[in-house]
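Trainee: I would like to work slowly through one part of this model, beginning with a single side chain and then following the contacts that lead away from it.

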Amino acid sequence: MTVGKYFAWSSIVSAVLAAPSLLNENQVNGTSRPVGTSFGVPGSSSKFDYVIIGGGTAGLTVAERLSEDPNVAVAVIEAGGFYELDDGNVSTIPAFYLKNFNQTPVADTIQPLIDWGYITEPQAGLANRKFHYSQGKTLGGSSGRNSNIFTRGTKGFYQRWANLVGDQSWSWDEIFPYFKKSVDFTPPNKAKMGVNADIPYDSAAYGPGGPLHVSYSNYYQPMNPGLIKGFEDLNFSAQTGFSSGRMDGYGYLAVSITPETQLKDSSETAFMTNALNNSKFRVYKDTIAKKILFDGTTATGVQVETAGLSYTLGASKEVIVSAGVTRSPQMLMVSGIGPKQMLAQHNIPVIVDRPVGQNWQDHCAFEFQYAMKVPGNAALEGDQQYLEQATQAFLTTQTGPLTNWGGDLLGFEKLPNPYRKALNQSALRDLAQFADDQPEIEWLIASHGPQMATSSYVTFTPAIAAVISKGTIGLRSADPADNPIIDPKTFSSPTEQALGVQIYKRLQEFVNATGLTTGPELKVGPLNTDAEILEGIKQTALPWYHGVASCPMGRQNDTNAIVDSNGKVFGVKGVRVIDASVIPLIAPGHSAAIVFMVAEKLADSIKKGL
């Protein structure tokens with residue numbers, strides 16, 4: 001499938017968006033200022049207080065917070081542009097998000113303007129398959145492209161994090177205000193959803209007035225009653241969402257979405273638009289950071305390149321690396337911070353010998369599809385009439401299936417008996433390292449199906465929430481324009497494999513309890529023996545794009561740590577990493593909300609001089 005064909009179907013909703021409003025002009029203290037003033041001139045070397053490498057989820061959040069001081073000069077280097085323009089409606093309308101997460105490792109199925117085009121190494125734990133590992137190359141990063149599910153992890157998870165890094169400011173009570181700081185919460189609009197169902201939420205978990213809109217889709221998935229029945233039959237308790245430090249039971253999903261328009265909200269639409277108010281804020285879009293420049297061990301700026309023009313952006317205070325879980329370790333390594341053997345292979349002088357890129361973690365998710373008795377989002381792919389009706393609902397009332405990424409409910413649990421009794425002692429010891437309140441399984445269910453489906457399908461996606469496997473990010477060359485070597489080593493742990501077999505058995509119980517499906521599973525069919533189940537999982541499982549810990553924070557004597565608990569890189573001065581790569585442990589659930597929190601907290605650390 002070519003890129004041209006890939007986008008042809010999206011033209012039906014082309015009326016949804018004009019150019020982003022920020023591309024017109026901006027008002028600063030009552031004075032009109034062309035927005036072009038906020039974009040750097042390629043080829044012209046300049047100096048700032050802070051230079052941020054990466055205009056993604058964390059990078060733009062940090063940029064906006066630092067730019068709240070009108071005397072602070074901030075530059076953001078971003079390899080991509082505006083996803084609203086480069087990707088049309090695919091990255092803005094919730095129902096289309098899967099179009100950017102095609103796992104097929106074929107170049108002409110990947111959108112090159114907003115995606116780095118990573119292809120993993122063959123994954124031994126996944127039947128030696130390769131995967132497209134989608135990561136945002138755009139202003140807003142992956143926050144402009146993902147499903148925007150908002151979960152935060154558990155209180156025990158953050159206590160484990162705080163203990164590991166030796167800094168109690170990472171415990172739940174201390175980081176909770178930073179979670180709230182980003183958010184402007186709007187309760188579900190049940191009138192627009194067209195249902196009388198109870199949709200519990202915890203308003204105390206959110207703050208009013210933050211830049212990022214968090215709310216709910218104006219569409220109630222018809223499969224919800226069946227899923228609720230399934231959860232309750234399996235003794236899941238109802239929760240008020242997953243933003244209050246508790247993740248056991250089932251609940252409705254909050255998402256980062258603008259309630260009035262039902263368009264996804266991102267760090268670009270939420271934070272960068274505010275940063276434009278600072279006359280000293282500059283964005284260098286479509287620009288590659290080549291390497292961090294040092295005077296001895298003190299960072300002085302960044303060498304960059306735009307369309308072949310090479311120039312320097314100086315940093316009088318700090319270089320902040322916010323290039324994401326794959327690109328941040330690459331940037332450190334090409335700049336001389338990383339494993340000395342790897343740097344030597346590419347003739348890179350070593351400034352600091354640290355195991356950058358060596359402790360990467362990501363979730364593993366299993367996908368099993370069934371025909372479904374009630375309508376679902378799958379028909380948006382192949383039923384033109386259904387898509388046209390959904391488009392009209394979106395355009396006229398901001399309702400209908402296009403407002404919904406594909407699901408409303410999540411569930412979390414530890415593996416219960418009798419399945420737990422089947423685990424061996426080695427697996428039980430591995431699972432005992434996690435916090436008492438941390439779930440081992442996530443249950444995500446979406447009304448998606450095979451490509452170009454014309455009827456209704458449901459995809460059950462249980463995921464391992466207690467991750468053991470660790471992968472690596474390596475250098476392909478000394479040039480950051482060359483993608484790094486991506487090897488998540490997904491599902492490689494014997495404990496995860498043993499857990500996966502039992503999760504599949506639990507899945508059968510859940511599917512039957514919902515009463516939603518008709519016929520056999522569609523991807524691999526019925527699986528009976530443990531060996532068949534394990535092989536079936538390997539054929540359907542995938543890495544889940546929630547990567548963390550490729551530049552983990554920790555104590556200085558921790559040989560795995562790359563940065564301290566304030567994000568400062570060990571062994572050098574003036575370099576800080578702020579993004580998912582510094583998160584030292586992978587949380588249960590989804591990572592976007594956590595990355596916003598990390599950015600808020602570490603931006604505050606900078607302001608406090610920490």
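Trainee: Is Arg 145 buried or exposed, and what is its relative accessible area?

Mentor: Arg 145 is buried, with a relative accessible area of 2% (buried is under 20%, exposed over 50%, partly exposed in between, with a 1.4 Å probe and protein chains only). Before going further, please keep in mind that this is a predicted model, in which local features need pLDDT of at least 70 and side-chain atom pairs pLDDT 80 or more, whereas totals for chains, interfaces and linings use all residues. Residues are numbered from 1 along each chain as its sequence is written, and side-chain values use heavy atoms, without hydrogens or water.

The partner of Arg 145 is Asp 115, and the two form a salt bridge whose closest N and O atoms are 3.1 Å apart (a Lys or Arg side-chain nitrogen within 4 Å of an Asp or Glu carboxyl oxygen). This pair connects distant parts of the chain, since Asp 115 sits in the loop between helix H3 (83-86) and strand E5 (118-119), and Arg 145, 30 residues away, in the loop between strand E6 (132-133) and helix H4 (155-165) (DSSP runs of at least four residues for helices and at least two for strands, numbered from the N terminus). Asp 115 counts as buried too, at 3% relative accessibility, so that both ends of this bridge are buried.

A search of the whole structure finds 17 salt bridges, and two others make a useful contrast in setting. Lys 523 and Glu 367 meet at 2.9 Å, N to O, and they link parts of the chain that are 156 residues apart, with Lys 523 in the loop between strand E23 (517-518) and helix H15 (530-540) and Glu 367 in the loop between strands E16 (364-365) and E17 (368-372). Here Lys 523 is partly exposed at 38% relative accessibility, while Glu 367 is buried at 17%.

Asp 530 and Lys 505 also form a salt bridge, with their closest N and O atoms 2.9 Å apart. Because Asp 530 lies in helix H15 and Lys 505 in helix H14 (residues 494-514), this pair ties together parts that are 25 residues apart in sequence. Both residues count as partly exposed, Asp 530 with a relative accessible area of 41% and Lys 505 at 28%. Elsewhere, salt bridges that share partners join Glu 64, Arg 65, Glu 68, Glu 600 and Lys 607 into one network.

Buried partners that link distant parts of the chain can also be found among the aromatic rings. The whole structure contains 29 aromatic pairs (Phe, Tyr or Trp six-membered ring centres within 6.5 Å; planes under 30 degrees apart are stacked, over 60 edge-to-face, the rest tilted). One of them joins Tyr 284 and Tyr 311 in a tilted arrangement, 6.1 Å centre to centre and with 45 degrees between the planes. Tyr 284 belongs to strand E10 (residues 281-284) and Tyr 311 to strand E13 (residues 309-321), 27 residues apart. Tyr 284 has a relative accessible area of 3% and is buried, and Tyr 311 is likewise buried at 3%. In addition, Phe 157, Tyr 158, Trp 161, Trp 170, Trp 172, Phe 176 and Phe 179 form one aromatic cluster.
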